[in-house]
Amino acid sequence: MQKKYYNKELLNKLLVVNKPMYISSNSYLNKIKRKYKNKKAGFSGTLDPFACGCLIVAFGQYTKLFKYLKKTPKKYKAVLWLGVSSYSEDIENIIDIKDEKILDINDIQNEIEKLKGDIEYLPPKYCAKKINGKRAYELARAGLEVELEKQVMKISDIKLISYNHPFITFEATVSEGSYIRSLAQILAKNLGVTGTLSYLQRLNEGEFYFQNEKDLNPLDYLDLEVNNYTGNKQLLDDGKKIPIENLEKKDNGKYIILFEEFFSIIEISNDKVSYVLNKVIR
């Protein structure tokens, strides 16, 4: 008899898992799906295979909420391995390992401090950004030329944790879409050395921290205002048009309407109300 891995019942669940090193985010999600016996699941914020740490996972209807969650800023712990060069700017595609000069810890602290603020950078060639419909890392692994545009990341906080030659450990709090591999390369260049990331851990995404896969209430993490609705609940039950007169807040924007058994996300635009997500079961 074939073993039953998945249940058919709808599972609405939001949690943070702790992705281990050397497994892709997709592969680890499959493990989580089997653990909770439900196929309909997704994650937010891909971690590279060599990276570990906080990964937001949602099941069922909650997968539709990712874009509305409080996920920024993100905090990482990273280790820069001096003397190592790599195609992917991490330890997955090492080119060369050599002895590197010993640095003055005060110089490291000073250069790290200078990184606070907005930094222009080039994303690593081995990244998930798309170029003409293809992932950049797919092109790079195929030996094709990868041309990425410069971007800006905001470093709201960064500090040196330790320096045990040839390893520099630091923590950085950054904006959405930042690449710590690129940040590490900027630091190495400013210090006049070569280096690559040998360890990367995401400590949190906004208000999301790993808490032993504790069930999270999505309403505590949605970056939306609640709008009081005084009309007929049956309209939302049936997915019918909501009169703006029955809403307390009438300014343009996206809002949550709460009921005991479900909630809806609506958008107001020029006095017209439309559904973004209707009847998400609580």
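In this predicted model, Leu-183 touches seven residues when those up to four places away in sequence are left out: Leu-115, Ile-119, Met-153, Ile-155, Ile-158, Phe-170 and Ala-172. Leu-183 is also a member of the largest nonpolar core, which holds 33 residues. Within this core, Leu-183 belongs to the group that touches the most other members, together with Ile-168, Phe-170 and Ile-180.

Several helices and strands build the core. At least two residues come from each of strand S4 (74-82), helix H2 (105-114), strand S7 (117-121), S10, S11, helix H4 (180-191) and strand S12 (195-205). The most is given by H4, which supplies 7 residues. Apart from this core lies another one, made of 20 residues, among them Ile-56, Ala-58, Leu-65 and Leu-222.

The model also has an enclosed space. How many cavities of 30 Å³ or more are there? The count comes to 1. The largest cavity has a volume of about 30 Å³. Its lining consists of Lys-75, Asp-157, Ile-158, Lys-159, Glu-171, Ala-172 and Thr-173. Strand S10 (151-164) and strand S11 (167-174) each supply at least two of these lining residues. Two names in the lining, Ile-158 and Ala-172, were met above as contacts of Leu-183. The lining divides by residue class as follows.

| Class of lining residue | Number of residues in the largest cavity lining |
|---|---|
| Nonpolar | 2 residues |
| Polar | 1 residue |
| Charged | 4 residues |

Two annotations come from the UniProt record. An unreviewed UniProt entry places the feature "active site" at Asp-48. Where in the fold is Asp-48 found? Asp-48 sits in the loop between strand S2 (41-44) and strand S3 (52-59). Is Asp-48 buried, partly exposed or exposed? Asp-48 counts as partly exposed because its relative accessible area is 23%, and the partly exposed class lies between under 20% for buried and over 50% for exposed. Leaving out residues up to four places away in sequence, Asp-48 touches Lys-19 and Arg-181.

The other annotation, also from an unreviewed UniProt entry, is "transmembrane region", and it covers residues 41-62. What is the make-up of this span in the model? Residues 41-62 are 0% helix and 55% strand. The end C-alpha atoms of residues 41-62 lie 9 Å apart.

Conventions:
Residues numbered from 1 in each chain as written. Predicted model: local features only at pLDDT ≥ 70, side-chain atom pairs only at ≥ 80, totals over all residues. Heavy atoms only, no water. 1 Å grid on protein atoms, 1.4 Å probe; cavity = no way out; pocket = protein on both sides within 12 Å on 5 of 7 lines; lining within 4 Å. Points joined across faces, edges and corners; volume = space filled by probe spheres on them. Helix = DSSP H or I, 4+ residues; strand = E, 2+ residues; numbered from the N terminus. Nonpolar A, V, L, I, M, F, W, Y, C, P; charged D, E, K, R; others polar. Core = buried A, V, L, I, M, F, W, Y, C linked by side-chain atoms within 4.5 Å. Buried < 20%, exposed > 50% of the residue type's maximum accessible area, 1.4 Å probe, protein only. Contact = heavy atoms within 4.5 Å. UniProt positions renumbered as here; feature names shortened; annotations may be inferred.
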